[in-house]
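Here are some notes to read alongside the structure. Keep it open as you go through the points.

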Amino acid sequence: MTTNGNKITTRLEQITTEVKQITYDDNFGFKLSDNNTYSEILQLSYGEYNLNIPDNKVIKKNNYLNINGDNVKISSNNKLIVLAEDHMGLINNQLINNNITIKNISIKCDNLGKNGGGVCRPSFKNGNIEECTFEGRIGSLGGGICGAN
(Lines give C-alpha, C1' and ligand atoms only; values in the text may rest on other atoms or scores of the structure.)
Protein backbone atom coordinates (compact mmCIF):
# COMPACT_ATOMS: atom_id res chain seq x y z
CA MET A 1 0.00 0.00 0.00
CA THR A 2 1.33 3.44 -0.90
CA THR A 3 0.06 6.89 -0.07
CA ASN A 4 0.21 9.94 -2.31
CA GLY A 5 -1.24 12.96 -0.51
CA ASN A 6 -4.81 11.98 0.34
CA LYS A 7 -4.90 9.15 -2.20
CA ILE A 8 -4.22 5.59 -1.03
CA THR A 9 -3.28 2.97 -3.60
CA THR A 10 -3.45 -0.74 -2.76
CA ARG A 11 -1.86 -3.45 -4.88
CA LEU A 12 -3.26 -6.97 -4.45
CA GLU A 13 -1.29 -9.94 -5.65
CA GLN A 14 -2.78 -13.31 -6.38
CA ILE A 15 -1.34 -15.97 -4.14
CA THR A 16 -1.16 -19.42 -5.65
CA THR A 17 -0.37 -22.63 -3.85
CA GLU A 18 1.47 -25.38 -5.67
CA VAL A 19 -0.01 -28.82 -5.11
CA LYS A 20 2.88 -31.16 -4.34
CA GLN A 21 2.67 -34.67 -5.76
CA ILE A 22 3.44 -37.68 -3.56
CA THR A 23 4.60 -40.83 -5.33
CA TYR A 24 5.52 -44.24 -3.92
CA ASP A 25 8.20 -46.78 -4.82
CA ASP A 26 8.11 -50.36 -3.47
CA ASN A 27 11.83 -50.35 -2.72
CA PHE A 28 12.32 -46.83 -1.35
CA GLY A 29 9.03 -45.47 0.02
CA PHE A 30 7.36 -42.08 -0.53
CA LYS A 31 8.77 -39.14 -2.51
CA LEU A 32 7.62 -35.53 -2.97
CA SER A 33 7.62 -34.05 -6.47
CA ASP A 34 9.93 -31.20 -5.42
CA ASN A 35 12.49 -33.47 -3.75
CA ASN A 36 14.52 -36.44 -5.00
CA THR A 37 14.73 -38.05 -1.56
CA TYR A 38 12.65 -41.10 -0.69
CA SER A 39 11.38 -41.76 2.83
CA GLU A 40 9.53 -44.60 4.53
CA ILE A 41 7.87 -42.00 6.78
CA LEU A 42 7.27 -38.85 4.75
CA GLN A 43 7.05 -35.63 6.82
CA LEU A 44 4.39 -33.16 5.62
CA SER A 45 4.21 -29.57 6.81
CA TYR A 46 2.31 -26.55 5.46
CA GLY A 47 0.87 -27.11 1.98
CA GLU A 48 -1.39 -29.05 -0.30
CA TYR A 49 -0.48 -32.59 -1.33
CA ASN A 50 -1.92 -35.02 -3.89
CA LEU A 51 -1.35 -38.77 -3.62
CA ASN A 52 -0.22 -39.74 -7.11
CA ILE A 53 -0.05 -43.44 -6.37
CA PRO A 54 -1.21 -45.98 -8.99
CA ASP A 55 -4.35 -48.04 -8.33
CA ASN A 56 -3.74 -51.14 -6.21
CA LYS A 57 -0.18 -50.14 -5.27
CA VAL A 58 0.67 -51.88 -1.98
CA ILE A 59 2.11 -49.61 0.74
CA LYS A 60 4.48 -51.48 3.06
CA LYS A 61 3.57 -51.90 6.73
CA ASN A 62 6.04 -49.34 8.11
CA ASN A 63 5.51 -46.69 5.41
CA TYR A 64 3.15 -43.77 6.09
CA LEU A 65 2.66 -40.01 5.88
CA ASN A 66 3.27 -37.92 9.01
CA ILE A 67 1.66 -34.46 9.41
CA ASN A 68 3.94 -32.20 11.43
CA GLY A 69 2.50 -28.73 10.83
CA ASP A 70 -0.61 -26.60 10.38
CA ASN A 71 -2.55 -25.96 7.16
CA VAL A 72 -2.07 -29.34 5.47
CA LYS A 73 -4.41 -30.76 2.84
CA ILE A 74 -3.93 -34.31 1.54
CA SER A 75 -6.11 -35.63 -1.25
CA SER A 76 -6.27 -38.30 -3.90
CA ASN A 77 -8.50 -38.98 -6.85
CA ASN A 78 -10.08 -41.96 -5.07
CA LYS A 79 -7.49 -44.29 -6.56
CA LEU A 80 -7.50 -47.50 -4.54
CA ILE A 81 -4.44 -47.58 -2.27
CA VAL A 82 -3.72 -50.99 -0.77
CA LEU A 83 -2.08 -51.28 2.64
CA ALA A 84 0.04 -54.31 3.51
CA GLU A 85 -1.19 -56.83 6.07
CA ASP A 86 -1.21 -55.46 9.67
CA HIS A 87 -0.67 -51.85 8.51
CA MET A 88 -1.73 -49.25 11.10
CA GLY A 89 -2.93 -46.58 8.63
CA LEU A 90 -1.72 -44.26 5.88
CA ILE A 91 -1.67 -40.88 7.70
CA ASN A 92 -0.37 -39.93 11.14
CA ASN A 93 -1.16 -36.71 13.04
CA GLN A 94 -0.30 -37.03 16.72
CA LEU A 95 0.18 -33.30 17.30
CA ILE A 96 -2.56 -30.72 17.73
CA ASN A 97 -2.24 -29.27 14.23
CA ASN A 98 -4.77 -26.79 12.88
CA ASN A 99 -6.57 -26.73 9.54
CA ILE A 100 -5.90 -30.33 8.47
CA THR A 101 -7.99 -31.78 5.61
CA ILE A 102 -7.87 -35.33 4.28
CA LYS A 103 -10.08 -35.91 1.25
CA ASN A 104 -10.98 -38.49 -1.41
CA ILE A 105 -8.71 -41.28 -0.21
CA SER A 106 -9.78 -44.90 -0.79
CA ILE A 107 -7.97 -47.60 1.18
CA LYS A 108 -8.09 -51.38 1.02
CA CYS A 109 -6.41 -53.67 3.55
CA ASP A 110 -7.10 -57.38 3.98
CA ASN A 111 -6.34 -57.12 7.70
CA LEU A 112 -5.57 -53.86 9.56
CA GLY A 113 -3.26 -54.03 12.57
CA LYS A 114 -4.61 -53.87 16.14
CA ASN A 115 -5.87 -50.31 16.92
CA GLY A 116 -5.20 -49.29 13.30
CA GLY A 117 -7.30 -47.29 10.89
CA GLY A 118 -7.27 -47.46 7.12
CA VAL A 119 -6.82 -43.77 6.39
CA CYS A 120 -5.67 -42.40 9.77
CA ARG A 121 -3.33 -44.15 12.19
CA PRO A 122 -4.10 -44.59 15.94
CA SER A 123 -4.13 -41.43 18.06
CA PHE A 124 -4.92 -39.16 15.10
CA LYS A 125 -5.53 -35.87 16.95
CA ASN A 126 -7.69 -33.69 14.73
CA GLY A 127 -8.67 -32.78 11.18
CA ASN A 128 -11.47 -32.85 8.65
CA ILE A 129 -11.82 -36.19 6.90
CA GLU A 130 -14.03 -35.98 3.83
CA GLU A 131 -15.24 -38.57 1.31
CA CYS A 132 -12.75 -41.30 2.28
CA THR A 133 -13.49 -45.02 2.04
CA PHE A 134 -12.13 -48.25 3.51
CA GLU A 135 -12.55 -51.83 2.34
CA GLY A 136 -11.28 -54.79 4.33
CA ARG A 137 -11.08 -56.39 7.75
CA ILE A 138 -10.69 -54.08 10.75
CA GLY A 139 -8.33 -55.20 13.53
CA SER A 140 -9.44 -55.30 17.16
CA LEU A 141 -10.09 -51.85 18.68
CA GLY A 142 -9.48 -50.18 15.31
CA GLY A 143 -11.65 -48.41 12.78
CA GLY A 144 -12.09 -48.39 9.02
CA ILE A 145 -11.23 -44.71 8.58
CA CYS A 146 -9.49 -43.80 11.88
CA GLY A 147 -7.65 -45.96 14.38
CA ALA A 148 -8.18 -46.04 18.12
CA ASN A 149 -7.33 -43.08 20.32
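The points below go from the sheet to its strand pairs, then to the core, the salt bridges and two single residues.

1. First, a reminder: this is a predicted model. Please read every distance and percentage below with that in mind.

2. Start with the sheet. It is open and has 7 strands, in the order β5-β4-β3-β7-β10-β13-β15, with mixed pairing. Which strands stand at the edges? They are β5 (38–39) and β15 (128–130); each has a single partner strand, so one side of each is left without a neighbour in the sheet.

3. Now look at β3, residues 19–25, which has a partner on either hand. With β7 (residues 47–51) the pairing is parallel, over 4 bridges, and Lys 20 stands opposite Tyr 49 there. With β4 (residues 29–32) β3 runs antiparallel, again through 4 bridges. Tyr 24 has Phe 30 of β4 as its bridge partner, and a hairpin of 3 residues connects β3 to β4.

4. Over at the β15 edge, how does β13 run relative to β15, parallel or antiparallel? Strand β13 (residues 100–103) is parallel to β15, and 3 bridges join the two. Ile 102 faces Ile 129 of β15 across this pairing.

5. Next, the inside. In soluble globular proteins, nonpolar side chains tend to be buried together. Here the largest nonpolar core holds 29 residues, and Leu 65, Leu 90, Ile 91 and Ile 105 have the most contacts inside it. Try clicking on Leu 65: beyond its neighbours within four places in sequence, its contacts include Ile 22, Phe 30, Leu 42, Leu 44, Leu 51 and Ile 74. Leu 65 also contacts Leu 90 and Ile 91, which are themselves on that list of residues with the most contacts in the core. One polar residue, Asn 92, is among the contacts of Leu 65 too.

6. How many salt bridges does a search of the whole structure find? There are 4, and three of them are worth a look here. Lys 20 forms one with Asp 34, with the closest N and O atoms 4.0 Å apart. That pair links strand β3 to the loop between β4 and β5, 14 residues apart. Lys 20 is partly exposed at 22% relative accessibility, and Asp 34 is also partly exposed, at 48%.

7. The second one pairs Lys 57 with Asp 26, at 3.5 Å from N to O. Lys 57 is in strand β8 (residues 57–59) and Asp 26 is in the loop between β3 and β4, 31 residues apart. Asp 26 is partly exposed, with a relative accessible area of 36%.

8. The third one joins Lys 73 and Glu 48, whose closest N and O atoms are 4.0 Å apart. Lys 73 sits in strand β10 (residues 72–75) and Glu 48 in strand β7, 25 residues apart. Lys 73 is partly exposed at 30%, as is Glu 48 at 25%.

9. Is Asn 111 buried or exposed? Asn 111, in strand β14 (residues 106–111), counts as buried because its relative accessibility is 16%, under the 20% cut-off. Its side chain makes a polar contact of 3.3 Å with that of Glu 85. Asp 86, His 87 and Arg 137 are among its other contacts.

10. Last, Ile 145, in the segment after β16 (133–137), is partly exposed at 26%. Ile 145 and Ile 105 are 40 residues apart in sequence and 9.8 Å apart between C-alpha atoms. Residues that Ile 145 touches include Val 119, Cys 120, Ile 129 and Phe 134.

Technical notes
Residues numbered from 1 in each chain as written. Predicted model: local features only at pLDDT ≥ 70, side-chain atom pairs only at ≥ 80, totals over all residues. Heavy atoms only, no water. Core = buried A, V, L, I, M, F, W, Y, C linked by side-chain atoms within 4.5 Å. Buried < 20%, exposed > 50% of the residue type's maximum accessible area, 1.4 Å probe, protein only. Contact = heavy atoms within 4.5 Å. Pairing = 2+ DSSP bridges. Polar contact = N/O pair within 3.5 Å; in protein donor to acceptor, adjacent residues only side chain to side chain. Salt bridge = Lys/Arg side-chain N within 4 Å of Asp/Glu carboxyl O.
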